[in-house]
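Colleague: I am new to this structure and would like a close look at one part of it. Please start with the charged surface and follow the charges from there.

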Amino acid sequence: PPFQKNSVAMNFVPRCLPWSCREDAGNYELVLILANPMESDVELQLDPSAFNGFSGGKAGGYGSDWSPLLSQQNVEVSTSPFSTVIPKFLDLTEATEVFEDEAKQLQQQDDPDVILDRKLNKILVRLRFRKVESPPTPQDASGAKAGWAFFIKMTMKFSVRFSAEEVKVHELQLVLSLRS
């Protein structure tokens, strides 16, 4: 697989890592760490509720080819879409105070219910959702408690400097699959 634990891609692809998950009376909170390992800021747009109520038709510009995958979503995500900036990775310990000031300015713009904390090039994001009851399927006949599954639409925009004159802007559109 291209993204193994020690993959070189971890050094230049922003990461999304699950940190914790809590359940309280059928309501869940999933906290993710979003980390930027690059030397440029990443503009992030996250739409956790993009696939709520997906019923096999076209959702969010995704055609029927996505139906078998997206129909596995069995939760309703209540976290609203949001956008933010994840600051660039800094390898200089002497300059961290400057970047901490930038992070504090960004934190003032954050919704504290969604973005829990920032530390240099990392943010903690809380997603809230509840499981939607669905009719049992033959796979559920084992009696095992079915887990939750949902999808998030994420757009990341960042620039890569190849030389002093050459800078390319990249925009990635991703669909993340999260499941228990």
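Where in the chain is the place of Asp41?

Modeller: Asp41 sits in the loop that runs between strand E2 (27-35) and strand E3 (42-47). Helices (H or I, at least four residues) and strands (E, at least two) are DSSP runs, numbered from the N terminus. This is a predicted model, in which local features need pLDDT of at least 70 and side-chain atom pairs count only at pLDDT 80 or more, while totals for chains, interfaces and linings use all residues. Residues are numbered from 1 along each chain as its sequence is written, and side-chain values use heavy atoms, with hydrogens and water left out.

The protein chain has 2 helices and 9 strands. From the N terminus on, their order is β-β-β-α-β-β-α-β-β-β-β. Of its 180 residues, 33% count as buried; buried means under 20% relative accessible area, exposed over 50%, and partly exposed in between (1.4 Å probe, protein chains only). Asp41, with a relative accessible area of 37%, is partly exposed.

Asp41 belongs to a negative surface patch, together with Glu43, Glu100, Asp101, Glu102 and Glu171. Such a patch is made of residues with over 30% relative accessible area and no salt bridge, like charges being joined within 9 Å. Asp and Glu count as negative, Lys and Arg as positive, and a charge is placed at CG of Asp or CD of Glu, at NZ of Lys or CZ of Arg. The most residues in the negative patch, 3, come from helix H2 (residues 96-109).

Other charges are paired. The structure holds 6 salt bridges, each a side-chain nitrogen of Lys or Arg within 4 Å of a carboxyl oxygen of Asp or Glu. A network of these bridges links Arg22, Glu29, Asp113, Arg126 and Arg128.

Within this network, Glu29 pairs with Arg22, their closest N and O atoms lying 2.8 Å apart. The two partners differ in cover: Arg22 counts as exposed at 55% relative accessibility, whereas Glu29 is buried at 16%. Glu29 also meets the side chain of Arg128 in a salt bridge, at 3.0 Å from N to O. Because Arg128 lies in strand E7 (residues 122-131) and Glu29 in strand E2, this pair ties together parts that are 99 residues apart in sequence. Arg128 counts as partly exposed, at 27% relative accessibility.

Asp113 and Arg126 form another bridge, with 3.5 Å between the closest N and O atoms. Asp113 is in the loop between H2 and strand E6 (115-119) and Arg126 is in strand E7, 13 residues apart, so that the pair links distant parts of the chain. Asp113 is partly exposed at 36% relative accessibility, while Arg126 is buried, with a relative accessible area of 14%.

Strand E7 also holds Arg130, which is partly exposed at 40% relative accessible area. From C-alpha to C-alpha, Arg130 is 8.8 Å from Glu29 in space, with their positions 101 residues apart in sequence.

One check concerns the cysteines. A search of the whole structure finds 0 disulfides, a disulfide being a pair of cysteine sulfur atoms within 2.5 Å. Cys16 is partly exposed at 26% relative accessible area, and Cys21 is partly exposed at 38%.

Key:
Patch = residues over 30% accessible without salt bridge, like charges linked within 9 Å, V, L, I, M, F, W, Y side chains within 5 Å. Areas by Shrake-Rupley, 256 points an atom, 1.4 Å probe, with all protein chains shown as cover.
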